[in-house]
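Reader: Hi! I'm new to this one and would love a friendly tour. Could you show it to me before we chat?

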Amino acid sequence: MDFLLECIGFPPSTDLAALAERIRREGELVALRGPSGEHRRMPVSGGLEVRLDREAGQEHDSLWPYFESSRRLRVSVEDLQRLPDSPFDVLLRGRANPPLPEDPWRETSGDEYPLAAYLCDARRLPKSLPRGHVLAVSLAGFALDVGYVGPNQGVRDRTLAAEPGGSVLLPLAGSDQPGGCMELSLPVRAIHHLENPLTHERIELVEADAPGRPLDLFLSRWQLEAHGWPAPRPGWRIEGAFLFNGRIAGGLPKHSPKRRP
């Protein structure tokens, strides 16, 4: 995930080995990870962090971006996949914004969509959850590949151009596709400006207008420049593939045993 660090203000020229050593020296331990391996975090700006993971027996560091979003998204669990190479993460597949049991319009609300994301606090989960159990999760998306940034009229799906608030959210499918990734086409609701204090590069937090509630997205300005895309603006649209990660924010069974490390 090293290249995803561009989304939080680390240029392509960043010395990743030096960054990893700095996190080792100055970073903090990450809760709910370990006890084996190295798991450290360094705050960057406004809830952003760069994290370092190195599992026992591995020969390389993993550096990746993380954002502590204040938003909570309800997700009905379809599958939780443990990751042998990253035992403290879990791949969540489910349905975002499931209808409330007492909602009389549960069949026609239109806010539900499929979701795939990594959760970094798998140790909080019990050994199993029933299909359909609803978790609250805090997530953010980081751009893998951006296919379009611009006015609504330029989107590939012409039906979306006719509906400025229209959206597409689909997990990437296929055995050759990375897990936890979504194909998106979403309107831009707002832009929030941050700065990476380690590199003094600007960061743009994109508030995207997704069904039910907004999603927080981060894009690499170097990737945008390389493909000739402008910086996103409110009222425009973003299309592309994003990796989502985050944490469990609620909805765990109150008396279930914790998963052992």
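Author: Happy to. One open sheet has four strands in the order E1-E2-E3-E4, paired in the antiparallel sense. Helices (H or I, at least four residues) and strands (E, at least two) are DSSP runs, numbered from the N terminus, and two strands pair if DSSP finds at least two bridges between them.

Reader: Which are the edge strands?

Author: Strand E1 (28-29) and E4, each of which pairs on one side only.

Reader: Before we go on, what kind of model is this?

Author: This is a predicted model, in which local features need pLDDT of at least 70 and side-chain atom pairs count only at pLDDT 80 or more, while totals for chains, interfaces and linings use all residues. Residues are numbered from 1 along each chain as its sequence is written, and side-chain values use heavy atoms, with hydrogens and water left out.

Reader: Thanks! Back to the sheet: how many bridges pair E2 and E3?

Author: Seven bridges, in the antiparallel sense, join strand E2 (residues 38-45) and strand E3 (residues 48-54). Ser-45 stands opposite Leu-48 in E3.

Reader: And what does H1 lie across?

Author: H1 lies across E1, E2, E3 and E4, and runs at about 100° to E2. Contact here means heavy atoms within 4.5 Å; axes are lines fitted to C-alpha atoms, for helices over the stretch in contact, and angles run from 0 to 180 degrees between N-to-C directions.

Reader: Which side chains meet in a salt bridge within H1?

Author: Glu-21 and Arg-24, at 2.8 Å from N to O. A salt bridge is a side-chain nitrogen of Lys or Arg within 4 Å of a carboxyl oxygen of Asp or Glu. Both residues lie in helix H1 (residues 16-26), three residues apart, about one turn of the helix.

Reader: Is Arg-24 buried or exposed?

Author: Arg-24 counts as buried, at 19% relative accessibility, whereas Glu-21 is partly exposed at 38%. Buried means under 20% relative accessible area, exposed over 50%, and partly exposed in between (1.4 Å probe, protein chains only).

Reader: How many salt bridges does the whole structure have?

Author: A search finds 20. Among them is the one between Arg-71 and Glu-207, with the closest N and O atoms 3.3 Å apart. Arg-71 lies in the loop between strand E4 (62-67) and strand E5 (73-82) and Glu-207 in strand E11 (residues 201-208), so this pair ties together parts that are 136 residues apart in sequence.

Reader: New topic: how many aromatic pairs are there?

Author: The count comes to four. Rings of Phe, Tyr and Trp (its six-membered ring) pair if their centres lie within 6.5 Å; planes under 30 degrees apart count as stacked, over 60 as edge-to-face and the rest as tilted.

Reader: Why is the pair of Phe-142 and Phe-218 stacked?

Author: Their ring centres are 5.4 Å apart and the planes are at 15°, so the pair counts as stacked. Phe-142 and Phe-218 are both buried.

Reader: What about Tyr-148 and Trp-229?

Author: That pair is edge-to-face, with 5.6 Å from centre to centre and 75° between the planes. Tyr-148 is buried at 11% relative accessibility, while Trp-229 is partly exposed at 26%.

Reader: Which residues do ring pairs link into a cluster?

Author: Phe-67, Phe-142 and Phe-218. Enjoy exploring!
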